[in-house]
Structures are given as C-alpha cells and as structure tokens.
Amino acid sequence: MKRLIIPGIFIFSCLTAWEILALEEIIPVIFLPAPSKIFSYICAISADGTLFNASWITCKRLFMGYLLSACFGIPLGILNAQFPILQRVFGWLVLGLQTLPSVCWVPLSLLWFGQTETSLLFVVIMGSLWSIIIATETGIRSVPPLYIRAAHTMGSNGIHTWIFVLIPASFPFIVSGLKQGWAFSWRSLMAAEIFVPILSGFGLGQLLHYGRELNAMDQVLAIIFVLILIGILSDKLLFSPFEKFIHHRWGTDRK
Amino acid sequence: MRPILTSESTLLNPAKISVEGVSKSFPVNDSKILALDEISLSVKEGEFLCLVGPSGCGKSTLLNLIAGLETPEKGKILIDGEPIQGPGRDRLVMFQESALFPWLDVLGNVMFGLSQKPELSKNEKLSIARYYIKKVGLDHFEHANIHELSGGMKQRAALARSLAPNPRILLMDEPFAALDALTREQIYSDIQRIWAARQKTIIFVTHNVREAVCLGDRVLLFTPRPGQICKSFDVNLPRPRDFNSLEIAPVSVTITNSLRHIMQGTTEET
Ligand SMILES: Nc1ncnc2c1ncn2[C@@H]1O[C@H](COP(=O)(O)OP(=O)(O)OP(=O)(O)O)[C@@H](O)[C@H]1O
Ligand SMILES: [Mg+2]
C-alpha cells in the first residue's frame with residue numbers, strides 16, 4: 001500500500017495540473033481535452049457496451065494471433081537450434097523478417113486476404129513469430145554444455161534431454177522471447193486495426209481510427225488510455241508469474 | 001559367437017575399465033596441446049583408484065574420456081572388455097564444476113539421476129533420493145534452489161545426485177574441494193562405506209594427497225605436458241581408514257615427495 005502512495009500523489013498532481021490547463025483553455029481543447037472529458041467519454045462507451053465489445057474483439061484477435069505465433073515459433077526455434085543447416089539457410093531470413101516492422105505487411109495482407117479477420121491475423125503473426133523463433137533458438141544455443149554432459153552421464157538422451165534439460169534450461173530466454181512476441185503482437189494488431197478497414201468487428205484500433213477521423217481527441221486519448229491499461233494488465237497477469245518463478249529459481253533477482 | 005568372445009576376453013582381462021594407449025589433444029590457437037599421451041591403465045572391478053597430479057595434466061580429460069563424453073584420438077577404452085560407445089548411465093561423472101541444474105530444486109536434481117531407471121516406482125525413487133539427501137546432510141534443504149546453496153552444499157548435493165542412481169562406475173573430479181574439514185571427514189567414511197557395500201569401481205581425482213591415501217586402493221601420479229602416468233602407489237592399509245590416522249601419514253609423505261619431484265622437474269624444464 002505504502003509503495004502506491006508516492007506514485008499516486010504524482011499521477012494525481014499531474015492530472016490536476018492538466019485539468020486546470022485544459023479548463024482555463026491554456027491548451028486548446030482540440031489538441032488536448034481535459035482528463036474529465038476523457039473520463040466521461042470512457043464512462044459513456046462503457047455504459048453503452050462499445051468499450052467492452054471493442055476490447056473483447058481486439059483481445060480475441062490478439063490471443064488468436066499470439067497463440068498461433070507461439071505454437072509455431074517455439075517448435076521452429078527448437079528445430080533451428082537442433083539442425084544447424086536450417087539456421088544457416090533460414091537464419092538471415094528470420095532475422096530480416098524480425099527487424100521488419102509488421103505494418104509493412106498490411107498492403108500485401110489486404111491484397112491476399114481482403115478486408116477479413118485473416119488479414120489482421122496475418123499481420124499479427126508476422127509481427128511476433130520471428131522474435132519468438134529467435135529467442136527460443138538463442139536460449140537453446142546458450143545452454144551450458146556441462147548441463148547436457150551431466151544429463152548424458154545420468155543416462156538421459158535424445159528426446160528426454162530435450163524436454164527435461166534443454167527446454168527448461170533455456171526457459172528464461174523463451175519467456176523473454178514470448179514477452180517480446182506479445183509486445184510485437186500488440187503493436188502489430190493496433191497497426192493492422194488502424195490501417196485495415198474491416199467490417200467483421202470493431203476493435204479498439206478502429207475506434208481510435210474513427211476518433212481521429214472525427215477529430216474527437218477525447219475519444220483518441222480515451223482509447224490510448226485503455227490500450228495502456230490492457231498492456232500493463234496483460235504483462236502483469238501473463239508474464240510476471242513466470243518471471244518471478246525464473247528469478248526465484250535462478251537467483252537472478254536483485255533485492 | 002559374440003557373447004562367447006566377450007566372456008573369454010573378460011576372463012583373460014578381468015579389468016572393469018581398461019585404458020589402452022589413449023592420447024588426446026586439444027587445438028589451442030594454431031597449435032595443439034597434448035593433454036594425454038598414450039596413457040594405459042586398468043582398473044579392477046571394485047577398485048578405488050585415485051589420480052593425483054599438478055593442475056592441467058589431463059586428469060579431467062581422462063575422466064571425460066572414460067565417461068564417453070569425448071573420444072580418444074588414439075587407443076581405446078574398454079569397460080568389461082567392451083569398447084565404450086558414448087556416455088552411459090553405468091558410468092556417472094561428478095564434475096569438477098557444479099553441474100547441478102538451476103531450474104530444479106535439490107530434490108529435483110537428485111531425482112533427475114533416478115529418472116532413467118524405469119524399474120523403480122515413483123515412491124521408491126523419492127525415498128532413495130531422500131535417503132541420499134539426508135546422507136549428505138541436506139535434509140532441511142530438499143526444496144532449496146541451487147543458487148541458495150553454499151559452495152560446499154552444492155558439492156554435497158552433486159554427491160547425492162551421483163550416488164542415488166547407484167552406478168557401477170563412479171568418476172569423481174575433485175568432489176570435496178569446497179567442503180569444510182569436519183563434513184569432509186564424515187563424507188570420507190560414508191563414501192568408504194557405500195563403496196564397500198555397493199561394490200562400486202571409483203576413479204577419484206584430487207589434489208589432496210592425504211585424501212587420496214585415505215580413500216584409494218591405488219594412487220596414480222600424473223605428470224603434465226604431455227599428460228602421462230609416472231608412478232603408481234599401492235595403498236595396503238586396513239579399512240575403513242580414518243583421515244587423521246597415523247598410518248596414512250608416511251604413505252602420503254612418500255607420494256607428496258614424488259609429486260614435489262615432478263613439479264620441480266617440470267619447472268626446471270620450462
Ligand atoms: N575443452 C578444452 N579445450 C582446449 N584445451 C583443453 C580443453 N580441456 C582441457 N584442455 C587442456 O588440456 C589440459 C588438461 O586439462 P584437464 O582439465 O584435463 O586438467 P586437470 O588435470 O583436470 O587439471 P586440474 O587439476 O586443474 O583440474 C590443459 O592443459 C587444458 O588446457
Ligand atoms: Mg580437472
């Protein structure tokens with residue numbers, strides 16, 4: 001509780017200052033609406049269900065894309081680490097695709113899949129798959145050979161070594177790769193929702209897009225606020241437990 | 001045909017482990033370091049063999065070769081008269097550096113060694129693991145993470161992990177270097193008891209000559225660059241031996257003198 005007091009006071013005073021600046025029209029309302037305006041907009045869209053629907057649709061897309069990325073990314077990373085030939089042939093390609101901002105896929109995706117859910121999914125997967133592959137592969141490659149030797153002399157071989165030594169030993173890398181993949185999925189999805197006009201469902205990105213079209217900055221800022229909230233929550237709920245576990249087991253937390 | 005041949009060769013050659021003219025070198029920059037030069041030795045079933053020698057003379061390399069983790073460049077290594085094919089769970093290594101798995105707790109680590117024994121039930125494995133954890137005095141640390149253990153506790157956990165699967169051959173690389181004197185003496189007697197009761201063949205690397213005399217049936221002295229066996233001492237003292245007993249002293253003095261001689265010899269050369 002105590003830890004929350006100082007950041008709480010800080011945020012509260014920032015909001016108050018902002019509110020005053022906006023109410024006194026020192027900053028034009030068009031540029032930056034007052035926090036109270038944003039808040040009442042959030043209340044309004046919460047009340048009529050728009051917010052919930054849009055968040056639900058966005059999260060569904062995010063999870064679908066992300067899970068597909070993880071389901072393909074981890075095994076592909078393992079294969080890459082196991083067969084050096086794959087790494088030699090595809091390594092540079094994977095690296096290149098990882099560095100490519102996934103918005104770049106939007107035109108192609110629209111051409112291939114049209115204004116559909118698949119098109120969004122494609123952009124999300126292209127955004128996160130590669131970093132998950134790379135992290136998994138790096139993790140497995142950096143397992144100290146001593147662990148593998150020790151496992152071999154204890155009679156562990158082949159698949160057993162993979163499941164019980166290589167994968168757990170690279171767990172810290174895999175989790176950070178998954179986390180990075182999540183962040184990339186999230187960014188890609190927003191880019192896709194803003195740029196792909198799609199009729200099958202109104203996500204948060206589309207709400208934000210229409211806010212811009214209507215010059216309704218309170219709508220834009222409200223959605224940005226919701227996006228930040230979702231980002232924080234998903235990080236805390238999805239990854240913090242694993243990271244805590246890793247820090248605890250490996251002794252990598254600095255207290 | 002083959003089984004008969006094998007039994008004949010074991011009759012002719014009753015050695016549990018026989019190392020025949022084994023050489024091993026490592027590439028270092030452009031040249032090569034000859035870590036082992038045509039080493040031959042044989043270890044009888046149930047023998048406790050200690051290896052002593054200056055640092056860098058190839059003791060760990062020899063253990064790795066016997067474990068099957070590396071392949072010799074020249075010569076061959078036979079276990080029960082059969083050439084070794086890679087690592088196997090009949091030959092367990094306790095490594096010089098801690099090779100405990102950081103993603104498992106102490107119990108998990110000890111259980112890992114037992115995971116490859118399908119003949120044991122889950123409960124049997126658990127009780128065996130607990131038995132050895134208690135034996136090395138870590139019973140209150142069963143669920144401790146590896147990074148929470150001290151250096152000596154890590155070595156004890158590693159000892160429990162290597163004893164639990166009850167391997168026929170145990171290859172130990174300076175296993176007790178980080179233990180305090182009292183624990184160490186306790187473990188000397190434990191290990192002699194386990195060794196006698198379970199009829200294991202043990203190869204034990206150490207820098208402590210007294211420790212070698214206390215534990216070994218035979219002590220081999222290595223010389224560095226190239227690594228070779230230069231002397232062999234039989235230790236015919238009654239067992240169980242106590243680390244502090246007076247009988248040990250004269251033997252270890254003899255060996256220490258030889259060791260000193262080797263060290264001076266090599267420093268004069270270079
Ligand atoms: N993986 C390796 N790559 C290159 N050189 C190696 C490697 N392993 C060992 N050597 C070299 O082989 C020689 C013997 O090494 P080894 O580890 O067997 O020595 P040791 O007798 O166990 O020494 P210590 O008592 O210090 O543990 C050393 O000179 C070392 O530099
Ligand atoms: Mg060594």
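Biologist: Which residues are closest to ligand 1?

Modeller: Ser55(B), Gly56(B), Lys59(B), Ser60(B) and Thr61(B) are the closest, among 13 residues that surround ligand 1. A residue is near a molecule if one of its heavy atoms lies within 4 Å of it. This is a predicted model: local features need pLDDT of at least 70, side-chain atom pairs count only at pLDDT 80 or more, and totals for chains, interfaces and linings use all residues. Side-chain values use heavy atoms, without hydrogens and water.

Biologist: What makes the pair of Ser55(B) and ligand 1 a polar contact?

Modeller: A polar contact is a pair of N or O atoms within 3.5 Å; within protein, one must be able to donate a hydrogen and the other to accept it, and residues adjacent in sequence count only if both atoms are side-chain atoms. An N or O atom in the Ser55(B) side chain is 2.5 Å from an oxygen atom of ligand 1, so the pair qualifies.

Biologist: Why is Ser60(B) called partly exposed?

Modeller: Buried means under 20% relative accessible area, exposed over 50%, and partly exposed in between (1.4 Å probe, protein chains only). Ser60(B) has 24%, so partly exposed is the right term.

Biologist: Why does Gln96(B) count as partly exposed?

Modeller: Its relative accessible area is 36%, so Gln96(B) is partly exposed too.

Biologist: What makes Ser60(B) and Gln96(B) donors to the magnesium ion?

Modeller: Donors are N, O and S atoms within 2.8 Å of the metal (3.2 Å for Na, K and Ca); water is not among the atoms, so sites may look incomplete. Ser60(B) (OG) and Gln96(B) (OE1) coordinate the magnesium ion (ligand 2) at 1.9 to 2.3 Å.

How values were computed: Residues numbered from 1 in each chain as written. Chains lettered and ligands numbered in written order.
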